[in-house]
Amino acid sequence: MVRDKNLEYITRTFARTKRKDYENYAQLAIWRGIDRSGIKPVTQQYVKRYDNHWALIDLFFPQLNIGIEIDEAYHAGQYKQVDDQIRADEVLSRFDYIGESMKPKIIRVNAHEGLERFESDIRLAIKEINEAIVKLKNGVYVPWNYSDEFDTSRYLSKGYIDLSEDDAKFRHQIDVANLFGHQYRGMQRGACRHGVDSDIMIWFPKLYETGYKWHNKINSNGTEIVEWTDGGGGDIPVNQRVRYTFGDKKDDVFNTKFYRFLGEFQLDSQGSCSVRHIWKRTKTRVPVVQPSGAVTICEMCNRGDI
């Protein structure tokens with residue numbers, strides 16, 4: 001039997017809140033009330049706050065740039081209301097590392113003032129979302145399909161990847177490398193060289209703890225990565241100081257790994273040393289190139305000359 005990835009994604013997505021009664025009720029009511037064909041929902045998405053804590057957005061529609069916050073009973077105190085407003089502001093400024101597009105609109109649903117208010121807010125949210133869907137579908141509209149999210153042909157067609165336009169993510173490192181002049185059939189490394197410009201590296205930093213001696217940490221607005229080692233570091237060669245960067249990330253729905261485009265980063269030579277490298281984002285758009293000349297595996301990986 002052929003698995004429907006869209007169906008599997010949606011059922012897994014809403015199952016993430018099955019033990020959170022108010023959130024699950026509101027999310028499913030909103031989902032069932034909107035013109036949802038071709039629309040992608042995202043639930044329980046954690047985002048990095050400026051104070052290095054995490055904020056949570058309850059339901060988000062990336063195509064519409066609309067987020068839903070379910071205000072439950074424990075939000076009722078003044079302190080929590082202020083804290084929630086701060087949280088919303090930070091969510092507005094960053095939704096994961098998707099990019100620098102227009103800040104999303106947050107719709108609040110009140111779940112602590114009784115059923116009538118709860119249902120009223122849900123109906124208003126549905127109305128506002130449906131109005132946004134009409135505008136979307138009357139314009140340049142591409143229906144959501146889970147498998148299409150990893151399709152690299154669109155970047156080859158338009159000739160670039162742009163952080164502000166694309167939620168660019170890729171299943172495998174070779175999918176990325178082959179956008180930059182390669183035709184690799186196998187590859188698994190922390191980086192490889194650009195297929196045309198030898199002064200550019202394609203970098204796949206793990207932005208979480210791995211237990212290895214090298215560590216990477218990205219700041220809350222995605223503009224700086226600090227790379228450091230517990231020992232045995234070294235200076236970065238001149239021809240490895242520009243990096244098209246694709247963060248190694250876990251898919252929270254399917255629990256699989258993918259690589260998300262973060263931009264072009266260059267080494268901050270003044271702020272770096274042999275055991276601590278600071279990388280600054282210098283571009284949010286990078287050109288891709290058509291592949292030429294096939295090889296069976298990553299030659300550079302075999303030679304170890306990255």
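**Two helices, two cores and some individual residues**

Helices α2 and α4 lie oblique to each other, a term kept for whatever remains when angles under 35 degrees count as roughly parallel, those over 145 as roughly antiparallel and those from 65 to 115 as roughly perpendicular. The model is a predicted one, in which local features need pLDDT of at least 70 and side-chain atom pairs count only at pLDDT 80 or more, while totals for chains, interfaces and linings use all residues. Residues are numbered from 1 along each chain as its sequence is written, and side-chain values rest on heavy atoms, with hydrogens and water left out.

Two packed helices are described by the angle between their axes and by the distance between those axes. For α2 (residues 21-33) and α4 (residues 115-138) the angle is about 40° and the axes are 9 Å apart; the axes are lines fitted to C-alpha atoms, for helices over the stretch in contact, and the angles run from 0 to 180 degrees between N-to-C directions. The crossing of α2 and α4 is right-handed, that is, the near helix is turned clockwise from the far one by less than a right angle, where an anticlockwise turn would make it left-handed. On the α2 side the contact (heavy atoms within 4.5 Å) is made by Y22, Y25, A26, A29, I30 and G33, and on the α4 side by F118, E119, I122, A125, I126, I129 and N130. These residues divide into 10 nonpolar, two polar and one charged, with Ala, Val, Leu, Ile, Met, Phe, Trp, Tyr, Cys and Pro counted as nonpolar, Asp, Glu, Lys and Arg as charged, and the others, Gly among them, as polar.

The view can now be widened to the whole chain. The chain has seven helices and 14 strands, these being DSSP runs numbered from the N terminus, H or I of at least four residues for helices and E of at least two for strands. Of its 306 residues, 47% are buried, where buried means under 20% relative accessible area, exposed over 50% and partly exposed in between, with a 1.4 Å probe and protein chains only. Among contacts between residues at least 6 apart in sequence, 60% join residues at least 24 apart.

In soluble globular proteins, nonpolar side chains tend to be buried together. The largest nonpolar core (a set of buried Ala, Val, Leu, Ile, Met, Phe, Trp, Tyr and Cys residues joined through side-chain atoms within 4.5 Å) has 36 residues, of which I30, F61, I68 and I129 touch the most other members. Two or more residues come from each of α1 (5-15), α2, β2 (54-61), β3 (66-71), β4 (105-110) and α4, and α4 gives the most, with eight residues. Leaving aside neighbours within four places in sequence, I68 is in contact with I30, I57, D58, L59, F61, I107, V109, A125 and I129. A second, separate core of 23 residues includes Y184, V242, F261 and V286.

V109, one of the contacts of I68, lies in strand β4 and is buried at a relative accessible area of 0%. With neighbours within four places again left aside, the contacts of V109 include I30, I68, F118, I122 and A125, and the C-alpha atoms of V109 and I122, 13 residues apart along the chain, are separated by 6.3 Å.

Further along the chain, I200 in strand β8 (residues 200-203) is buried at 9% relative accessibility. Beyond its neighbours within four places, I200 is in contact with R193, H194, N239, V242 and Y244. R260, in strand β12 (residues 257-267), is a buried residue as well, with a relative accessible area of 6%, and its C-alpha atom is 5.8 Å from that of A168, 92 residues apart along the chain.

Most residues other than glycine have a negative phi. N65, in the loop between β2 and β3, has a positive phi near 60° and counts as buried at 15% relative accessibility. N255 has a positive phi of about 60° although it is not a glycine; it lies in the loop between β11 (242-250) and β12, and at 55% relative accessibility it counts as exposed.
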